[in-house]
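Dear colleague,

I am passing on the structure we spoke about, and below it you will find my notes on what turned up in it. Please read them with the model open beside you.

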Amino acid sequence: MISPNRTELMWLALGLVWFFLASPLLIALSMRLGLWPQMSFWIALICFLVWVALTGIGLSLYSLRVAREMGMGGLAVVVIWIGLAILLAQGIMSAFRAGR
């Protein structure tokens with residue numbers, strides 16, 4: 001298995017910092033300010049999407065490097081990550097439709 005390099009780890013670390021430090025603070029602040037529930041929902045959704053973007057960049061960079069260095073076996077890893085991203089997006093969209 002190929003270890004992640006410094007750039008990929010930096011993006012993953014930024015995602016973790018965002019998810020465990022910044023997001024809870026923003027969500028708590030929105031609750032503290034008494035923003036109505038729909039606004040708090042959008043703030044939480046934006047926090048989630050920023051986390052997905054930060055960690056997604058790290059995972060994408062890692063997956064592309066693995067595919068480049070390992071050939072066809074690495075390509076399978078990239079295809080699996082893309083498939084999981086599509087399933088996650090489909091699940092999120094279904095949850096939004098069910099919530100309406």
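E8 has a relative accessibility of 3% in this predicted model, and it therefore counts as buried, since the cut-off for that class is under 20%. Its salt-bridge partner is R65, with the closest N and O atoms 2.9 Å apart, and this pair links distant parts of the chain, because E8 belongs to helix α1 and R65 to helix α2, with their positions 57 residues apart in sequence. R65 counts as buried as well, at 11% relative accessibility.

R65 also meets the side chain of E69 in a salt bridge, at 3.5 Å from N to O; here both residues lie in helix α2, four residues apart, which is about one turn of the helix. E8, R65 and E69 are thus linked in a network of salt bridges, and the structure holds two such bridges in total.

Elsewhere in helix α2, which spans residues 37-70, there is T55, a buried residue with a relative accessible area of 13%. A polar atom of the T55 side chain lies 2.9 Å from the backbone oxygen of W51, and, leaving aside neighbours within four places in sequence, T55 is in contact with W11, L12 and G15.

In helix α1, residues 6-32, I also looked at L26, which is partly exposed at a relative accessible area of 36%. Not counting residues up to four places away in sequence, L26 touches W18, I43 and C47, while the C-alpha atoms of L26 and V50, 24 residues apart in sequence, are separated by 12 Å.

Best regards

Key
Residues are numbered from 1 along each chain as its sequence is written. This is a predicted model: local features need pLDDT of at least 70, side-chain atom pairs count only at pLDDT 80 or more; totals for chains, interfaces and linings use all residues. Side-chain values use heavy atoms; hydrogens and water are left out. Helices (H or I, at least four residues) and strands (E, at least two) are DSSP runs, numbered from the N terminus. Buried means under 20% relative accessible area, exposed over 50%, partly exposed in between (1.4 Å probe, protein chains only). A polar contact is a pair of N or O atoms within 3.5 Å; within protein, one must be able to donate a hydrogen and the other to accept it, and residues adjacent in sequence count only if both atoms are side-chain atoms. Contact means heavy atoms within 4.5 Å. A salt bridge is a side-chain nitrogen of Lys or Arg within 4 Å of a carboxyl oxygen of Asp or Glu.
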